[in-house]
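Here is a short briefing to read alongside the structure. Have a look at the model first, and then we will go through its cavity and its domains together.

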Amino acid sequence: MDLSSIIEAFETLVPKHLAEKWDNTGLLVEPLQKTAVSTIFFTNDLTEDVLKEALAEKSNLIISYHPPLFTSFKTLRCENWKDRITMTCIANNIAIYSPHTACDAVEGGVNDWLLKCFDLTDVAPIKRSDEANSHIIECIAQGDISFDSLLDRGVEFTVLMKSGYEDKKCFKILTSSTHSATVFQVLLANPAVLTVTSNQCKQLRHSELTGMGRIGKMKKPLKLEKCIQLVKSHLKLKNIRFALGVDCTSDTEITTVAVCAGSGASLLKGVPADLYITGEMSHHDLLDAIHKKTSVIVCEHSNSERGYLVELADQLRPMLKGINFIISKVDKDPIAIV
């Protein structure tokens, strides 16, 4: 199967526009030679050891939950481990794709997976995605076009997709209703744009569970000690770090739980819940939480995400028949509790 078809299927499952604006998601490395993808390799972090594993498995596409390319760079040097990864993938014609925070927001994503060890009701995002006023504008252009004039006007937009063949290109652009008229006018004024019509500007519709983090109510209250055991079993961890809420004990009954995979301090701050579950939280954020009588389970950053890759692969498999799916066995959190 060709790479563009796989990405289209993936972004049907996990829409790219759900990612946070600061994030660097999507296709990060595109191979020079267009070859069919037969093996997709999943990892939470793309390290050099993980890349060796992917090479041994003859992977054509690496889906790395965390983007290995994030900050801008001016050189590619062998002395830098991240540069070596990028250059090795290019040399071996391997594509890299990262979904990151799009998986945090999508229904059935990493935060829903993190809550699966509990029997909950009234589950909702902590921060809903602002899709109510989002629109997609489509246009066909004679070749590539620049969007610099939109940037100059301070328009917030995301190019969701660019496709086509030869000299004809089709673009899908995500913007808010506030900026949609400006985007439309700028496209019409571009002599390279062949078609852009008003009925191609349409409102996005998402699930009520689209958004960052999750909070839910226990159908039946559980003791705190039991909650800890369930999380350890779900994440397949022998040890986790834990902060006990003030005036709480291991027998305290938990009725509400809030989760944020990865680094959840900013999202969870002030959320009314008996228990927080996240990957990492600073000393002072922990103190603030426990003094509000909220206990906190800290799993380490990637431990709160890694197990979701199995579920993500299972969701993709029916859409990509004939493709070999491999989950990294080498990938692990850099922190070990001894």
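In this predicted model, the count comes to 1 cavity of 30 Å³ or more. The notes below start with that cavity and then turn to the domains and to the place where domain 1 touches domain 3.

**The cavity**
- The largest cavity has a volume of about 90 Å³.
- Its lining is made up of A265, L268, K269, G270, Y276, M281, D285, D288, A289, K292 and T294.

**How the chain is divided**
- Domain 1 takes in residues 3–104 and 306–327.
- Domain 2 is likewise assigned two segments, 106–128 and 209–298.
- Domain 3 covers residues 135–197.

**Where domain 1 meets domain 3**
- The centres of domain 1 and domain 3, taken over C-alpha atoms, lie 26 Å apart.
- On the domain 1 side, 4 residues are in contact with 4 residues of domain 3.
- Interface size is often expressed as the accessible area lost when the parts come together.
- For domain 1 and domain 3, the buried area is about 350 Å², and carbon and sulfur atoms give 67% of it.
- Within domain 1, the residues losing the most area to domain 3 are K16, H17 and K21, which together make up 83% of what that side buries.

**What kind of contacts are they?**
- Across the interface of domain 1 and domain 3, 0 salt bridges are found.
- The count of residue pairs in polar contact between domain 1 and domain 3 is also 0, with both residues required to be at pLDDT 80 or more.
- The side of domain 1 that touches domain 3 has 3 charged residues, 1 polar residue and no nonpolar ones.

Notes
Residues numbered from 1 in each chain as written. Predicted model: local features only at pLDDT ≥ 70, side-chain atom pairs only at ≥ 80, totals over all residues. Heavy atoms only, no water. Domains from an automatic or database assignment. Contact = heavy atoms within 4.5 Å. Buried area = accessible area lost by both parts, 1.4 Å probe. Salt bridge = Lys/Arg side-chain N within 4 Å of Asp/Glu carboxyl O. Polar contact = N/O pair within 3.5 Å; in protein donor to acceptor, adjacent residues only side chain to side chain. Nonpolar A, V, L, I, M, F, W, Y, C, P; charged D, E, K, R; others polar. 1 Å grid on protein atoms, 1.4 Å probe; cavity = no way out; pocket = protein on both sides within 12 Å on 5 of 7 lines; lining within 4 Å. Points joined across faces, edges and corners; volume = space filled by probe spheres on them.
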